Amino acid sequence: MTTKSVTISLSPSVVSSPIAKCVQLATQYASKVYMEHDNRKVNAKSIMGMMALGVEQGKEIIVSAEGADEQKAVADIVSFLTQA
């Protein structure tokens with residue numbers, strides 16, 4: 001399992017719906033992808049789970065993945081979440 005902590009720093013001009021874009025990105029990988037915030041862990045491929053997680057700009061989250069492409073999945077999602 002690959003895990004990385006990240007502080008969300010998306011510019012509002014990057015994408016109008018960051019949760020939807022993040023879910024789209026996560027679904028591109030074969031690995032199971034998760035996000036954690038405030039002791040809650042959700043499937044990053046689930047739009048409802050991601051919306052329920054309630055993360056926003058400036059919040060610290062943990063991105064983790066488990067599977068064949070876990071390192072690339074985590075790296076790409078962290079890269080997306082830190083676009084300025």
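Begin with the whole chain in cartoon representation: this predicted model contains 3 helices and 4 strands. Traced along the sequence, these elements follow the order β-α-β-β-α-β-α. The radius of gyration is 11 Å, close to the 12 Å that the globule rule gives for 84 residues, so the chain is as compact as a globular protein of that length. Aligning the view with the principal axes shows the C-alpha atoms filling a box of roughly 30 × 25 × 20 Å.

**Surface and contacts of the whole chain**

Next, display the molecular surface. The accessible surface of the chain is about 4800 Å², and carbon and sulfur atoms account for 51% of that area. Of the 84 residues, 36% are buried. Colouring the charged side chains picks out 8 positive and 8 negative groups, and the centres of these two sets lie 4 Å apart. Among contacts with a separation of 6 or more, 67% join residues that are 24 or more positions apart.

**The nonpolar core**

Hide the surface and turn to the interior. Which residues have the most contacts inside the largest nonpolar core? Select Met-35, Ile-61, Val-63, Ile-77 and Leu-81, which hold that position in a core of 24 residues. Two or more residues of this core come from each of α1, β2, α2 (47–53), β4 (60–66) and α3 (70–81). Helix α3 gives the most, with 6 residues.

Centre the view on Val-63 and show its surroundings. Leaving out residues up to four places away in sequence, Val-63 touches Thr-2, Thr-3, Lys-4 and Val-6, among others. Its contacts also include Tyr-34 and Met-35, together with Val-74, Ile-77, Val-78 and Leu-81.

**Ser-64 in strand β4**

Move to Ser-64, which lies in strand β4. Is this residue buried or exposed? Ser-64 counts as buried because its relative accessibility is 1%, under the 20% cut-off. Show its contacts beyond four places in sequence: Met-1, Thr-2 and Thr-3 are among them, as are Lys-32, Val-33, Tyr-34 and Glu-36. Lys-41 and Val-74 also belong to this set of contacts.

**The loop between β2 and β3**

Now select Asp-38, found in the loop between β2 and β3 (40–43). Its phi is near 50°, a positive value in a residue other than glycine. Asp-38 is exposed, at 59% relative accessibility. Asn-39 lies in the loop between β2 and β3 as well, and its phi, near 65°, is likewise positive in a residue other than glycine. Asn-39 is exposed, with a relative accessible area of 84%. As background for inspecting these backbone angles, most residues other than glycine have a negative phi.

**Ala-30, before β2**

The last stop is Ala-30, in the loop between α1 (18–26) and β2 (32–37). Ala-30 has a relative accessible area of 70% and is therefore exposed, the cut-off being over 50%. Which residues does Ala-30 touch, not counting those up to four places away in sequence? The contacts are with Lys-45 and Asp-69. To finish, draw a distance between the C-alpha atoms of Ala-30 and Glu-70: the separation is 8.2 Å, although the two residues stand 40 residues apart along the chain.

Conventions:
Residues numbered from 1 in each chain as written. Predicted model: local features only at pLDDT ≥ 70, side-chain atom pairs only at ≥ 80, totals over all residues. Heavy atoms only, no water. Rg over C-alpha atoms; globule rule 2.2 N^0.38 Å. Buried < 20%, exposed > 50% of the residue type's maximum accessible area, 1.4 Å probe, protein only. Contact = heavy atoms within 4.5 Å. Areas by Shrake-Rupley, 256 points an atom, 1.4 Å probe, with all protein chains shown as cover. Lys, Arg positive; Asp, Glu negative; His and termini not counted. Charge placed at Lys NZ, Arg CZ, Asp CG, Glu CD. Core = buried A, V, L, I, M, F, W, Y, C linked by side-chain atoms within 4.5 Å.
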